[in-house]
Amino acid sequence: MAMKQKKDFLTQTIKAIEPCKHDLKYLRILVVGPNGSGKSAFINSINNAFKGRITSDALSNTIYTPHEIETGNSSFTVVINDVMGLEKGFRQGCPLEDIINAINGHVKQGHEFKPEKPLSSGDPDYIEKPAPSDQAFCLVNVLAADRIQFTDESVLEKLRNIHHEVKKLGMPQVIVMTNVDEACPVVKTNFQRVYYSKKIKEKMVWCSNELGVQMCHVFPVKNYQEEIETNDDMDVLILQALTQIIQLANDNAKTRLAK
């Protein structure tokens, strides 16, 4: 199948996904990762793939901001929330407590994360009784393939702690591995070789082992950064990841909201 056909197939697959509950206003996904890993760029890259042009709606900052993804699916709306980046050191970067708060729907839109002061009940930005659409149904860990093995141990420990806490909630977790072109020269010249690259496979295995996420939920991608037009090969990798993320989130919503 040609890459354009594959892209069209993935786009149609996403458009055809039926929501687990028709009264669910948003299917929310939460993105976490170290500073500079490409979280905001991944959100922009998703919109680029759907719109067929370069966008820059999501900007890296400390504010809890929802980004609506224009999938073309009229049945439900996909929203991706980016949180403050993780940093090395105690009480640096986004607090673990606030990531769990965001998953459970307790964080108001526009909240500014404060490393030294996680949200708690009674705070103005704390949602005491979150609606289902406030909650997140899939956690996406974003890591940069060209420097994952140089990630500070304290940041890795934070990612492991997040994984452990989220696992208790029964929520699906995936890893989006960005910068695959910088991690492998073969892939840099041909994105279609990404799943045949020994270097990329090694890094996928490393991510899986370090964070405890299944290999089938580790997705190598190339974010849009300096490009001035979209690329079908890049879009296919991005849409393959997004298709799985949406399906996992939708399945999780069905399980959680049935309780």
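Trainee: Which backbone nitrogen does the side chain of asparagine 231 reach at 3.0 Å?

Mentor: That is the backbone nitrogen of methionine 234. Bear in mind that we're looking at a predicted model.

Trainee: What makes that a polar contact?

Mentor: The cut-off for a pair of N or O atoms is 3.5 Å, and this one sits at 3.0 Å, so it passes as a polar contact. Asparagine 231 has another one at the start of α8: a side-chain oxygen comes to within 2.8 Å of the backbone nitrogen of aspartate 233.

Trainee: Where is asparagine 231 placed, and what does it touch?

Mentor: Asparagine 231 belongs to the loop between β6 (218–220) and α8. Leaving out residues up to four places away in sequence, it touches Phe191 and Tyr224. Its C-alpha is also 8.2 Å from that of alanine 49, with the two positions 182 residues apart along the chain.

Trainee: Why is asparagine 231 called partly exposed?

Mentor: Its relative accessibility is 28%. Buried needs under 20% and exposed needs over 50%, so asparagine 231 lands in between and counts as partly exposed.

Trainee: How do you know whether α8 is enclosed or open?

Mentor: Count its residues: 19 of the 26 are buried, so α8 is largely enclosed by the rest of the structure.

Trainee: What span is expected for α8, and what does the model give?

Mentor: For residues 232–257, at 1.5 Å a residue, the expected span is 38 Å, and the helix reaches 36 Å from its first C-alpha to its last, which is close.

Trainee: What about α2: is it enclosed or open?

Mentor: Twelve of its 13 residues are buried, so α2 too is largely enclosed by the rest of the structure. The buried ones include Phe42, Ile43, Ile46 and Phe50. Helix α2 covers residues 39–51 and reaches 19 Å, close to the expected 18 Å. Just after it, glycine 52 has a positive phi of about 70°.

Trainee: Which side chain forms a polar contact with serine 40?

Mentor: The side chain of aspartate 82, at 2.9 Å. Aspartate 82 lies in strand β3 (residues 77–82).

Trainee: Why is aspartate 82 called buried?

Mentor: Its relative accessible area is 7%, and the cut-off is under 20%, so aspartate 82 counts as buried. Beyond its neighbours within four places in sequence, it is in contact with several residues, among them Val31, Lys39, Ile43 and Tyr64.

Trainee: How many aromatic pairs does a search of the whole structure find?

Mentor: One. Its members are tyrosine 64 and phenylalanine 113.

Trainee: What makes that pair edge-to-face?

Mentor: Its ring centres are 5.8 Å apart and the planes meet at 90°. Pairing requires centres within 6.5 Å, and edge-to-face requires over 60 degrees, so the pair meets both conditions. The partners are 49 residues apart: tyrosine 64 sits in the loop between α2 and β2 (65–69), and phenylalanine 113 in the loop between α3 (96–103) and β4 (136–144).

Trainee: Are those two residues buried or exposed?

Mentor: Tyrosine 64 counts as buried at 3% relative accessibility. Phenylalanine 113 is buried with a relative accessible area of 3%.

Trainee: What does arginine 147 touch, and where does it lie?

Mentor: Arginine 147 is in the loop between β4 and α4 (153–168). Setting aside residues up to four places away in sequence, it touches Gly36, Ser37 and Asn179. A polar atom of its side chain lies 2.3 Å from the backbone oxygen of glycine 36.

Trainee: Why is arginine 147 called partly exposed?

Mentor: Its relative accessible area is 37%. That falls between the 20% and 50% limits, so partly exposed is the right label for arginine 147.

Trainee: Stepping back, how do you know whether the radius of gyration agrees with a compact globule?

Mentor: For 259 residues the rule gives a value near 18 Å, and the protein has 17 Å, which agrees. The C-alpha atoms fill a box of roughly 55 × 40 × 30 Å along the principal axes, and 54% of the residues count as buried.

Trainee: How many helices and strands does the protein have?

Mentor: Eight helices and six strands. Of the contacts between residues at least 6 apart in sequence, 70% join residues at least 24 apart.

How values were computed: Residues are numbered from 1 along each chain as its sequence is written. This is a predicted model: local features need pLDDT of at least 70, side-chain atom pairs count only at pLDDT 80 or more; totals for chains, interfaces and linings use all residues. Side-chain values use heavy atoms; hydrogens and water are left out. Helices (H or I, at least four residues) and strands (E, at least two) are DSSP runs, numbered from the N terminus. The expected span of a helix is 1.5 Å times one less than its number of residues. Buried means under 20% relative accessible area, exposed over 50%, partly exposed in between (1.4 Å probe, protein chains only). A polar contact is a pair of N or O atoms within 3.5 Å; within protein, one must be able to donate a hydrogen and the other to accept it, and residues adjacent in sequence count only if both atoms are side-chain atoms. The radius of gyration is taken over C-alpha atoms; the globule rule is 2.2 Å times the number of residues to the power 0.38. Contact means heavy atoms within 4.5 Å. Rings of Phe, Tyr and Trp (its six-membered ring) pair if their centres lie within 6.5 Å; planes under 30 degrees apart count as stacked, over 60 as edge-to-face and the rest as tilted.
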